[in-house]
Amino acid sequence: MVKRKVKIVNRAGLHTRPAAMLVKIASKYKSQFFISKDDYRINGKSIIGVMTLAAAQGTELDLDFDGADEHTMADEICVFFERGFEET
Amino acid sequence: MELINRDHITVEFFFNRTKDKFKITNFTGERGFTRKIKEPNLHRPGLALAGFVDLFSYSRIQIFGNTEIRYLQSLDSGKRRSALEGLCRFDIPCMIISNGIEPFPEMMELSEIFDIAIFGSPDNTTRLNFFISDFLNDQFLPQESIHGSLIDVYGVGILFTGQSSVGKSEVALDLVERGHRLVADDVVIATKKGEGLLMGTGTDISKHFMEIRGLGLINVEKIFGIRSIRYQKRIEVVVNLEIWDANAEYTRTGLDDSTTTIMEVELPYVRLPIVPGKNITVITEVIALNYLLKHYGYDSAKVFQDRLARKLKEADGKSFSRGIDYFEHDFE
């Protein structure tokens with residue numbers, strides 16, 4: 001199990017487009033991927049789950065990855081977050 | 001699955017959720033809105049007003065009923081102020097006055113000094129206690145978010161679990177199309193309402209939306225109409241959808257009641273392998289109906305078992321006979 005902490009840096013937050021991209025990236029991998037925010041823990045491969053988080057700019061999220069390819073998966077997803085989903 | 005631990009709600013949250021439901025009125029605007037309510041119990045501060053503050057349950061919402069108000073009325077303004085001030089020096093969440101009574105000027109003054117909200121209720125204290133306790137209890141109940149779909153099938157709350165893209169949403173959609181009702185897809189919030197009682201609902205943001213791979217997001221309520229949804233349902237059976245695994249053992253008789261535990265609540269558990277040609281939707285309907293039959297006292301597997309046992313006891317050497325003895329000239 002790999003655990004990471006990320007922060008939403010882009011202005012618009014984790015809205016529909018990045019949510020869809022995140023789910024797409026996550027679905028390439030075999031490992032389980034969960035995102036936790038405040039009280040909620042949702043499946044990172046579910047678009048509804050990710051959108052339900054309604055994570056605005058500045059929100060901190062806890063990610064956990066579990067499975068055979070957890071390390072490469074964690075790396076790619078964390079980079080995606082750090083780059084602000086390729087947005088400003 | 002993750003436990004949601006709520007250790008407090010704010011006074012603002014409390015007021016916003018109760019103002020319409022229980023006709024709670026606000027005498028003090030946004031004053032004291034950030035104070036926290038940390039427990040579901042309520043307190044009548046009679047003794048505290050009289051000056052006895054040992055063991056004063058100050059962290060509870062303070063309810064001013066007829067007794068408290070009458071007592072305060074019996075005091076002159078100065079004594080009334082100091083009785084109330086004794087209360088306000090504690091970190092109380094807020095005050096509610098029942099029976100539609102307006103707060104004393106001294107109360108309003110202290111509310112401003114100590115930044116404490118004063119609310120009112122048109123109900124008598126017994127009713128107010130009942131409603132507010134019920135509301136607060138619900139707020140502090142343990143909750144858990146579950147990745148799955150919850151559907152009401154013939155009145156039975158069926159929770160589908162299983163890994164991503166195993167087809168939970170597709171089965172849910174199929175069931176909705178056949179007249180069953182969707183509670184939540186993808187994110188189900190389970191609340192433990194009591195021993196052995198688990199209630200399920202969706203989240204405010206994803207309510208009755210669903211994602212179908214290759215199609216995107218759809219609004220089930222808009223497409224299928226009001227009959228296709230419901231807001232809450234007791235979770236009664238858990239069906240885990242699995243990719244067929246030749247090495248796994250699946251029940252063949254249904255005699256061995258398997259169960260799973262969610263938040264310490266034991267629920268009937270069905271492991272359903274997905275194979276081509278298997279209609280999961282119809283099987284789910286049968287799971288629901290079979291659950292109802294069992295609930296009303298008929299256990300199919302048990303009945304078959306008894307039939308076999310009786311046959312074995314008869315021991316007439318024959319394994320089984322044709323279902324009827326004689327066709328009675330009926331060749332239809």
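In the predicted model, B:E236 is a buried residue with a relative accessible area of 14%. Its side chain meets that of B:K233 in a salt bridge, with 3.2 Å between N and O. B:K233 likewise counts as buried, at 10% relative accessibility. A set of salt bridges that share partners joins B:R81, B:E85, B:R89 and B:E109 into one network. Within this network, B:E85 forms a salt bridge with B:R89, and the closest N and O atoms are 2.6 Å apart. The two ends of this pair fall into separate accessibility classes: B:E85 is buried, with a relative accessible area of 19%, whereas B:R89 counts as exposed at 59%.

A further salt bridge connects the side chains of B:D91 and B:R35, at 3.3 Å from N to O. This pair links distant parts of the chain, since its members are 56 residues apart. B:D91 belongs to the loop between α4 (77-88) and β7 (94-97) of chain B, and B:R35 to the loop between β3 (25-26) and β4 (36-37) of chain B. B:R35 is buried, with a relative accessible area of 17%. Over all chains, the count of salt bridges comes to 22.

The residue B:K233 also appears among the contacts of B:L198. B:L198 is placed in strand β12 (residues 197-201) of chain B and counts as buried, with 0% relative accessibility. When neighbours within four places in sequence are left aside, B:L198 is in contact with B:A190, B:T191 and B:K192, with B:K233, B:R234 and B:I235, and with B:I262, B:M263, B:V265 and B:L267. B:L198 and B:E39, by comparison, are 159 residues apart in sequence, and their C-alpha atoms are 21 Å apart in space.

The cysteines were examined next. A disulfide is a covalent bond between the sulfur atoms of two cysteines. Over all chains, the count of disulfides comes to zero. For B:C94, the closest cysteine sulfur is that of B:C88, at a distance of 12 Å, which is too far for a bond; the cut-off for a disulfide is a pair of sulfur atoms within 2.5 Å. B:C94 counts as buried, with a relative accessibility of 0%. In chain A, A:C78 is buried as well, and its relative accessible area is 6%.

Two residues of chain A illustrate contacts between side chains and the backbone. A:E70 lies in helix α3 (residues 70-82) of chain A and is buried, with a relative accessible area of 11%. The side chain of A:E70 reaches the backbone nitrogen of A:M1 at 3.2 Å. These two residues are 69 residues apart along the chain, yet their C-alpha atoms are separated by 7.1 Å. Apart from neighbours within four places in sequence, A:E70 is in contact with A:M1, A:V2, A:S31 and A:F65.

The second residue, A:T59, is found in the loop between α2 (47-52) and β4 (60-66) of chain A. At 16% relative accessibility, A:T59 counts as buried, because the limit for this class is under 20%. A polar atom of the A:T59 side chain lies 2.5 Å from the backbone oxygen of A:A56. Not counting residues up to four places away in sequence, A:T59 touches A:V6, A:K7, A:I8 and A:K37.

The contact between the two chains takes 20 residues from chain B and 13 residues from chain A. Together, chain B and chain A bury about 1,400 Å² between them, and 64% of this area is on carbon and sulfur atoms. Zero salt bridges are found across the interface. Four residue pairs in polar contact are found across the interface, with both residues at pLDDT 80 or more. On the side of chain B that touches chain A, at least two residues are supplied by each of the strands β1 (2-4), β9 (143-153), β11 (181-194) and β13 (209-212). The largest share, four residues, comes from β11(B). By class, this side of chain B has nine nonpolar, six polar and five charged residues.

Conventions
Residues numbered from 1 in each chain as written. Chains lettered and ligands numbered in written order. Predicted model: local features only at pLDDT ≥ 70, side-chain atom pairs only at ≥ 80, totals over all residues. Heavy atoms only, no water. Contact = heavy atoms within 4.5 Å. Buried area = accessible area lost by both parts, 1.4 Å probe. Salt bridge = Lys/Arg side-chain N within 4 Å of Asp/Glu carboxyl O. Polar contact = N/O pair within 3.5 Å; in protein donor to acceptor, adjacent residues only side chain to side chain. Nonpolar A, V, L, I, M, F, W, Y, C, P; charged D, E, K, R; others polar. Buried < 20%, exposed > 50% of the residue type's maximum accessible area, 1.4 Å probe, protein only.
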